[in-house]
Amino acid sequence: MAKLAKLDDIVSLCKRRGFIFQSSEIYGGLASCYDYGPLGVELKNNVRKAWWKAVVQMRDDVVGLDCSILMHPLVWKASGHADKFADLICECKKCNTRTRVDHLKDKAEEGAAAQEHIEHVDIEKEVAAQHDLSNKVCPDCGKVGNFTEPMPFKLMFETQMGANVDDSMTLFLRPETAQGIFANFRNVLDTTRVKIPFGIAQIGKSFRNEVTTKAFIFRTREFEQAELEFFCEPGTDDEWFEHWKEQRFNWYLNLGIKKENLRFREHDADELAHYAKGCVDVEYKFPFGSGDWQELEGIANRTDYDLRQHQRGMRTLNAWFEAKGDLAKIELKAEAEEYLKGPLSYFDDVEKKRYIPYVIEPSAGIDRSTLAFLVDAYDEEEVRGEKRNLLRFHPALAPTKVAVFPLVRKDGMPEIARNIYNDLKEHFTTFYDEKGAVGRRYRRQDEAGTPFCITVDGQTLEDKTVTVRERDSMEQVRVATDKLPGHLREKLV
Ligand code: GAP
């Protein structure tokens with residue numbers, strides 16, 4: 001029976017073993033920003049690779065893209081982010097702490113896990129709604145019902161581009177990777193042979209000036225997303241929505257996430273983002289507070305909202321020059337019916353019809369899934385009276401696949417072990433270690449999640465076999481050195 005990980009266990013293991021460090025730690029740290037260490041970067045790369053393999057490489061109907069983080073400001077006007085991407089916050093009148101209104105707990109709920117279901121809200125609806133804060137508790141000073149009126153807090157980071165006052169402009173760090181895909185829809189159509197239904201996938205950094213960050217890498221201000229925009233004919237969208245729900249749920253299960261820790265949660269109509277017709281979250285039972293279901297990935301039916309909006313945006317370029325880049329002064333023109341035949345429409349040359357495609361969007365967080373994989377793999381057990389910490393990673397995710405040890409540093413064992421290491425590192429991420437007792441070396445690899453350890457011992461000198469020890473069962477088998485790559489490949493792929 002696996003031990004239920006606590007977040008503190010994960011944070012301490014990540015620091016101790018070089019998975020994840022606080023950013024700028026030597027200067028006291030920068031809140032909500034993290035750096036991935038030597039093991040962490042391998043793990044995160046493997047999460048990215050596994051996503052790309054399932055969503056792009058193994059499919060005939062998805063192509064990839066890598067867009068710049070800085071984009072034309074009109075992109076964010078058209079997408080709705082410039083006006084609507086905000087959280088509703090209030091300020092405690094006693095201690096001035098600002099909190100997301102949907103994160104405030106009632107006095108009666110104190111101690112319960114915070115609600116994390118709404119990533120961002122439709123701010124117009126939220127401002128208009130009545131919020132009774134009379135019973136809500138300030139998470140910082142504990143004062144009850146002593147808040148300012150709720151107000152919107154914009155989540156996009158701003159920056160300046162250009163050195164000259166005349167031509168410099170305010171840009172935004174992208175808060176989602178999706179918009180780069182919509183902005184390149186026509187480019188991809190014109191330069192590839194894709195036909196609807198098809199998808200465009202992208203992995204990259206996104207930035208949000210989150211009001212509350214929490215729980216290690218769960219919610220940060222700089223994070224990585226893996227997003228697919230899957231374009232389909234209106235009317236087929238419900239079917240594709242179901243298809244991607246199943247694909248994405250199984251992706252986590254196939255990479256070893258325990259079924260009892262994963263579930264779907266349908267969004268209620270009043271929590272849907274401004275662009276969505278339907279949305280379901282894949283939730284993971286993260287070990288925050290008392291053990292809590294939290295969003296891991298969102299799967300949304302974005303309809304034809306974004307492509308239509310960008311067609312409107314393209315028509316407001318002149319207004320943008322007149323407004324001197326002030327997005328608040330720009331109004332997107334209403335769309336005439338014939339504009340549905342505009343530049344971001346699609347012509348089906350078999351059915352001879354033109355339409356603006358609907359979009360199904362599975363949107364995952366690379367850092368958030370990395371945290372889920374760490375939590376799910378974490379285990380502690382007692383072996384012969386000693387505690388063993390281990391990460392039971394799926395082989396595809398394990399940062400190091402194989403470790404090679406000489407039993408002792410004499411009798412030519414290190415030379416043989418080095419040769420095996422040099423041979424294996426052509427095929428797998430491999431680690432060589434000759435320091436300390438072999439038992440301790442095994443424990444270090446268990447804690448790093450390495451699935452196999454190879455030891456060169458006395459018998460190797462006689463019959464050219466080595467022991468191969470498997471992490472989870474700790475079972476050892478003898479394998480001839482020349483058969484090692486084949487033996488390991490069979491178990492690692
Ligand atoms: N394009 C749709 C979109 O961005 P979202 O629900 O806001 O939807 C999708 O984000 C996923 O991105 C989330 O499920 C989560 O995994 C990840 N994510 C969002 N905000 C994050 C943050 N501040 N820190 C870490 N991951 C985040």
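Which ligand atom lies 2.8 Å from an N or O atom in the side chain of glutamate 210? I looked this up before anything else, bearing in mind that the model is predicted, and found that the atom is a nitrogen of the ligand.

**Entry 1, the ligand.** I then went through the other polar partners, and noted that an oxygen atom of the ligand is 2.8 Å from an N or O atom in the side chain of arginine 208, while an oxygen atom of the ligand is 2.9 Å from a polar backbone atom of leucine 296. On its own the ligand has 560 Å² of accessible area, and I read that the protein covers 97% of this. As for where the surrounding residues come from, the elements giving two or more of them to the shell are β13 (222-232), β16 (292-303) and β19 (358-365), and β16 supplies the largest share, with 5 residues.

I listed 22 residues around the ligand, of which the closest are Glu176, Glu210, Thr220, Glu227 and Glu295. Sorted by character, the shell holds 11 charged, 6 polar and 5 nonpolar residues.

**Entry 2, the nonpolar cores.** I turned next to the largest nonpolar core, which has 58 residues, and wrote down those with the most contacts inside it: Ile10, Phe19, Trp51, Tyr252, Leu371 and Leu374. Apart from this core lies another, of 19 residues, which includes Leu189, Ile196, Leu344 and Tyr346. In soluble globular proteins, nonpolar side chains tend to be buried together.

I followed isoleucine 10 further and, leaving aside its neighbours within four places in sequence, found it in contact with Ala5, Phe216, Leu371, Leu374, Val375 and Tyr378.

**Entry 3, threonine 450.** Is threonine 450 buried or exposed? I placed this residue in the loop between α13 (438-448) and β24 (452-456), and I count threonine 450 as buried because its relative accessible area is 1%, where the cut-off for buried is under 20%.

Once neighbours within four places in sequence are set aside, the contacts of threonine 450 are Thr400, Lys401, Val402, Ala403, Gln445 and Arg471. With one of these, glutamine 445, I noted a polar contact between the two side chains, at 2.6 Å. I also checked threonine 450 against arginine 354, which is 96 residues apart from it along the chain, and the C-alpha atoms of the two are separated by 53 Å.

How values were computed:
Residues numbered from 1 in each chain as written. Predicted model: local features only at pLDDT ≥ 70, side-chain atom pairs only at ≥ 80, totals over all residues. Heavy atoms only, no water. Core = buried A, V, L, I, M, F, W, Y, C linked by side-chain atoms within 4.5 Å. Buried < 20%, exposed > 50% of the residue type's maximum accessible area, 1.4 Å probe, protein only. Contact = heavy atoms within 4.5 Å. Near = heavy atom within 4 Å. Polar contact = N/O pair within 3.5 Å; in protein donor to acceptor, adjacent residues only side chain to side chain. Areas by Shrake-Rupley, 256 points an atom, 1.4 Å probe, with all protein chains shown as cover. Helix = DSSP H or I, 4+ residues; strand = E, 2+ residues; numbered from the N terminus. Nonpolar A, V, L, I, M, F, W, Y, C, P; charged D, E, K, R; others polar.
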